[in-house]
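Here is my note on the structure you sent, set out as numbered points. Please read it with the model open beside you.

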Amino acid sequence: MTWLTNLTGFIAPFFIIMSPIISYGDQILAMHRNKSSAGFSLDIPLIMLVASFFRIFYWPGSRFDASLLVQSFIMVVVQLILLKIALEHRPLPATKGGEGSMPFSGLQQGGPFDIQRPYNFWQWRSHKPYWHFLLYLLGGLIVCEVLLRPMEPIYDAYSVLIGYLGLSIEATLPIPQLIANAQSQSCKGFRLSVLAAWIGGDAMKVFWFFTSTSEIPLAFKVCGCFQAACDCLLGIQYFIYGAGGDEAVLKEHAMEEAHWARGHRASHSHTRSMSAGQRGATFSDTEAE
C-alpha cells in the first residue's frame, strides 16, 4: 500500500494541475466544431469560476498545497474560454424554434425542477451581464482582501468562510447537469470525456487528500467526497439515458418533413387558385393559405 500512496503522491499533483484542460478541453472543442452548446449546462462555468476565485483568495490564509492553487488559476482561464464559446454558440430562444431552454432559458416550465431565478440570474440573453458579474465578484474579493488583511482575527474567520464556501460551491458542480439530464431523460451535449475525467480525477483527488503528507484542509476532503458521489450518479445517468443522439436525429427529420409538407401544401393551394381564376392577380395571405 505504501508504493501506491507514494505513486499517487507523485502523480496526483500533476494530474490536479492539468485536470481543467483534461476535463474541459474536449468539451470546448466539441462546442466549437458543432457550433452549438445545446445540452451543456451553463451553470458549470459559473460554479467553477466562483469556486476558483474563492479558492485563490483562500490560499493566503490557509497555505494549502501549491498544486491546488495552480489548478485554480488554470481553471479560471479554461472556464473563461468555455463560457465564451458556450455564449457564442448558444441555441436560439425557444420562441424562435431553437433549444433556448437548454441551457440558457432555465429548466422546462412546469417540470419538477422548475425554478424561477431572481432577476433571471445567469440566464441572460445578452453577453455583457456574464462578464460584468465576474468582474464585480473579483473586484469585491480584492477589496475584502485589502481591507481585512490587517485585522488578523477577522481575516482568519473571513479566510475560512470563503474557503468553505468556495469548496462547497465546487462540490455542487455535477448537480445542474444531474438535473438537466433527469429532466430531458438524455445526456445529449454532455461529453463522455468530461464525465470520465470527473470520475477518474475526483477518485484520485480524494485518495490523495487522505494520504498526502502536505497540508490539505478538512474542507477539501469533505467536499471532495460529496463531489465524487455526485460524479458516480452522473455515470449512472449516462449508462441509463445514453447520449440521446438517435432522438435528436429523429426530431430533426420530423422538422424537415413538416417543413416540406407545409411548403408542398402552400404550393398546391397556390396552383389551384391560379387555375380556378385564370388570372395572375396578387393573392391575399388568406387566399394563399
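1. I begin with a side-chain pairing: in this predicted model, the side chain of Glu170 makes a polar contact with the side chain of Arg55, at 2.8 Å. Glu170 is found in helix α5, and with a relative accessibility of 6% Glu170 counts as buried, because the cut-off for that class is under 20%. The two partners also turn up together in another setting, since Arg55 and Glu170 are both among the residues that line the second largest cavity.

2. That second largest cavity holds about 90 Å³ of space. Besides Arg55 and Glu170, its lining includes Leu68, Leu167, Ala171, Lys205, Phe209, Ala219, Phe220, Cys223, Gly224 and Gln227. The elements that give two or more residues to this lining are α5 (152-171), α7 and α8 (218-241), and α8 supplies the largest share, namely five residues. Sorted by class, the lining of the second largest cavity has seven nonpolar, two polar and three charged residues.

3. How many cavities of 30 Å³ or more does the count come to? The count comes to two, and the largest cavity has about 180 Å³ of space in it. Of the 17 residues lining the largest cavity, those closest to its centre are Ser19, Ser23, Gln71, Asp202 and Lys205. Lys205 deserves a second look in the viewer, as Lys205 is also listed in the lining of the second largest cavity.

4. Which elements give two or more residues to the lining of the largest cavity? They are α1 (2-34), α3 (66-88) and α7 (192-211), with α1 providing the largest share, six residues. By class, this lining has nine nonpolar, five polar and three charged residues. As general background, it is by rolling a probe the size of a water molecule over the atoms that one sees where empty space is left.

5. The aromatic side chains merit a separate point, given that the count comes to 14 aromatic pairs. One of these is formed by Tyr155 and Tyr158, a tilted pair with 6.2 Å centre to centre and 45 degrees between the planes. Tyr155 and Tyr158 are three residues apart in helix α5, so that about one helical turn separates them. Tyr155 counts as buried at 4% relative accessibility, and Tyr158 likewise counts as buried at 12%.

6. A further pair is made by Trp208 and Phe209, whose ring centres are 5.9 Å apart and whose planes lie at 40 degrees, so this pair is tilted. Trp208 and Phe209 are both buried. Ring pairs link these two with Tyr58, Phe64 and Phe220 into a cluster. Two members of that cluster, Phe209 and Phe220, also appear in the lining of the second largest cavity.

7. Where do the residues with unusual backbone angles sit? Asn120 has a phi near 55 degrees, a positive value in a residue other than glycine, and its place is in the loop between α3 and α4 (128-148). Trp122, which is not a glycine either, has a positive phi of about 60 degrees, and Trp122 too is placed in the loop between α3 and α4. These angles are worth checking because most residues other than glycine have a negative phi. As for their surroundings, Asn120 is partly exposed, with a relative accessible area of 33%, whereas Trp122 is buried, with a relative accessible area of 1%.

8. On the annotation, the unreviewed UniProt entry lists residues 6-25, 37-57, 69-87 and 130-148 under "transmembrane region". Over residues 37-57 the chain of the model is 71% helix and 0% strand, with the end C-alpha atoms 31 Å apart. Over residues 130-148 the chain is 100% helix and 0% strand, and here the end C-alpha atoms are 27 Å apart.

9. Finally, a point on Met204, whose place is in helix α7. Met204 is partly exposed, with a relative accessible area of 27%. Although Met204 and Ala228 are 24 residues apart in sequence, their C-alpha atoms are 9.9 Å apart in space.

Technical notes
Residues are numbered from 1 along each chain as its sequence is written. This is a predicted model: local features need pLDDT of at least 70, side-chain atom pairs count only at pLDDT 80 or more; totals for chains, interfaces and linings use all residues. Side-chain values use heavy atoms; hydrogens and water are left out. On a 1 Å grid over the protein atoms alone, a cavity is a set of points where a 1.4 Å probe fits but cannot get out, and a pocket is an open set with protein on both sides within 12 Å along at least five of seven lines; lining residues have an atom within 4 Å of a point. Grid points are joined across faces, edges and corners, and a volume is the space filled by probe spheres set on the points. Helices (H or I, at least four residues) and strands (E, at least two) are DSSP runs, numbered from the N terminus. Ala, Val, Leu, Ile, Met, Phe, Trp, Tyr, Cys and Pro count as nonpolar, Asp, Glu, Lys and Arg as charged, and the others, Gly among them, as polar. UniProt positions are given in the numbering used here, feature names are shortened, and annotations may be inferred rather than shown by experiment. Buried means under 20% relative accessible area, exposed over 50%, partly exposed in between (1.4 Å probe, protein chains only). Rings of Phe, Tyr and Trp (its six-membered ring) pair if their centres lie within 6.5 Å; planes under 30 degrees apart count as stacked, over 60 as edge-to-face and the rest as tilted. A polar contact is a pair of N or O atoms within 3.5 Å; within protein, one must be able to donate a hydrogen and the other to accept it, and residues adjacent in sequence count only if both atoms are side-chain atoms.
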